[in-house]
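Got the viewer open? Keep the selection box handy, and we'll walk through this one stop at a time.

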Amino acid sequence: VVQLIVRSLVRGAPGDGEPPVGMDTPTASGAYELYLRGNQIALKWGSANMALARDLYVACTERDPNYAPAWARLGRCYRFLQKFGAQGGAVPGAAEKAFERTFQLNPHLAIAHSAYTSLQADKGNAQEAMVRLLKMLEWNENDPEIFKGLVHACRYCGQLDASVAAHERARRLDRNFRTSVAFTYFAMGDYEKTFYWYGTGPGLYLDALALACMGRLTEAAALLWTRREQFHLAPVLMT
């Protein structure tokens, strides 16, 4: 406890690179309400919900341009809409600009580092993402968002055991926290755990694919049929 207190005091000293206290607190009236509404809607997976959440985050950043968490979640929305090809979802480079603004405001914001990992990994820079997140642990080793990012980055780097370990650490910090560990278990060929962990959040296809890999084709087909209205989110994949 003493070491943690001393560390926090040292980090709080002027000029040490630590973000100023209170920078992640919105100052404009109504900005935080917009942010919370966006968070709630973004929990409901789908392009329509993410587009609505995007609009709320945009409104939030317009009211308070210096509120870093809103920029981070806006970047995540842009990335989702861009990845799934939603019309009018995000112009090219919108996600990158949102994350760039976030890191300008707060280079140590955990939710930004976690959300940015997916974009970085898809660009072929998973190793850089993994190194970035490991360095972030020097600043904050008790935020599950950092370990969530490591689950993703380590998997893309082929470090599957490390990916699972990062998931386990995130769950120890928050027993209800969700990560992408289901995809790690699928890469390991553990389809039972893939099916279990994919079922802890909203999904589209991986649980059905795990069932198919276990030879349970009838169940897989039936599961996909219940989601036929969502196939437009990833038409090539679902075909």
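**Stop 1: Arg-79 and its surroundings**

Select Arg-79 and show what it touches: apart from neighbours within four places in sequence, its contacts are Ala-95, Leu-119 and Asp-122. Keep in mind as you click around that this is a predicted model. Arg-79 sits in helix H4. Is Arg-79 buried or exposed? Its relative accessibility is 14%, under the 20% cut-off, so Arg-79 counts as buried.

**Stop 2: zoom out**

Now colour by secondary structure. You should find 14 helices and zero strands, so to speak an unbroken run of α from the N terminus on. Switch to a surface-accessibility colouring if you have one: 42% of the chain's 239 residues count as buried. For a contact map, take pairs at least 6 apart in sequence; 53% of those contacts join residues at least 24 apart.

**Stop 3: helix H6**

Next, select residues 110–122, which make up helix H6. H6 has 13 residues and reaches 19 Å from its first C-alpha to its last, close to the 18 Å expected at 1.5 Å a residue. Look along H6 and centre on Tyr-116, where there is a kink of about 30 degrees.

Why call H6 largely enclosed by the rest of the structure? Because 10 of its 13 residues are buried. To see them, pick out Ala-110, Ile-111, Ala-112, His-113, Ser-114 and Ala-115, then add Thr-117, Leu-119, Gln-120 and Ala-121. Leu-119 is one you have met already, as a contact of Arg-79.

Which helices should you switch on to see what covers the buried residues of H6? The cover includes H2 (31–42), H4 (68–83), H5 (94–105), H7 (126–136) and H8 (144–156). Before moving on, click Gly-124 just after H6 and check its backbone: phi is positive there, at about 90 degrees.

**Stop 4: H3 against H4**

Bring up helix H3, residues 47–63, together with H4. Their axes are 9 Å apart and the two helices pack at an angle of about 150 degrees. That angle is over 145 degrees, so H3 and H4 count as roughly antiparallel. H3 passes H4 in a left-handed crossing. For the contact itself, show side chains on the H3 side, including Met-50, Arg-54, Tyr-57 and Val-58, and on the H4 side, including Trp-71, Leu-74, Tyr-78 and Phe-80.

**Stop 5: Gly-38**

Jump to Gly-38 in helix H2. Its relative accessible area is 0%, so Gly-38 is buried. Leaving out neighbours within four places in sequence, Gly-38 is in contact with Ala-53, Leu-56 and Tyr-57. Ala-53 and Tyr-57 also belong to the H3 side of the contact with H4. Try a distance label from Gly-38 to Ala-70: their C-alpha atoms are separated by 8.9 Å, though the two are 32 residues apart along the chain.

**Stop 6: H10 and H12**

Last, select residues 181–188 for H10 and 206–213 for H12. What angle do their axes make? They cross at roughly 20 degrees and come within 11 Å. Since that is under 35 degrees, H10 and H12 are therefore roughly parallel. H10 passes H12 in a left-handed crossing. Show side chains to finish: Ala-182, Phe-183 and Phe-186 of H10 meet Leu-206, Leu-209, Ala-210 and Cys-213 of H12.

How values were computed: Residues are numbered from 1 along each chain as its sequence is written. This is a predicted model: local features need pLDDT of at least 70, side-chain atom pairs count only at pLDDT 80 or more; totals for chains, interfaces and linings use all residues. Side-chain values use heavy atoms; hydrogens and water are left out. Helices (H or I, at least four residues) and strands (E, at least two) are DSSP runs, numbered from the N terminus. The expected span of a helix is 1.5 Å times one less than its number of residues. The bend at a residue is the angle between axes fitted to the seven residues ending there and the seven starting there. Buried means under 20% relative accessible area, exposed over 50%, partly exposed in between (1.4 Å probe, protein chains only). Contact means heavy atoms within 4.5 Å. Axes are lines fitted to C-alpha atoms, for helices over the stretch in contact, and angles run from 0 to 180 degrees between N-to-C directions. Angles under 35 degrees count as roughly parallel, over 145 as roughly antiparallel, 65 to 115 as roughly perpendicular and the rest as oblique. A crossing is left-handed if the near helix is turned anticlockwise from the far one by less than a right angle, and right-handed if clockwise.
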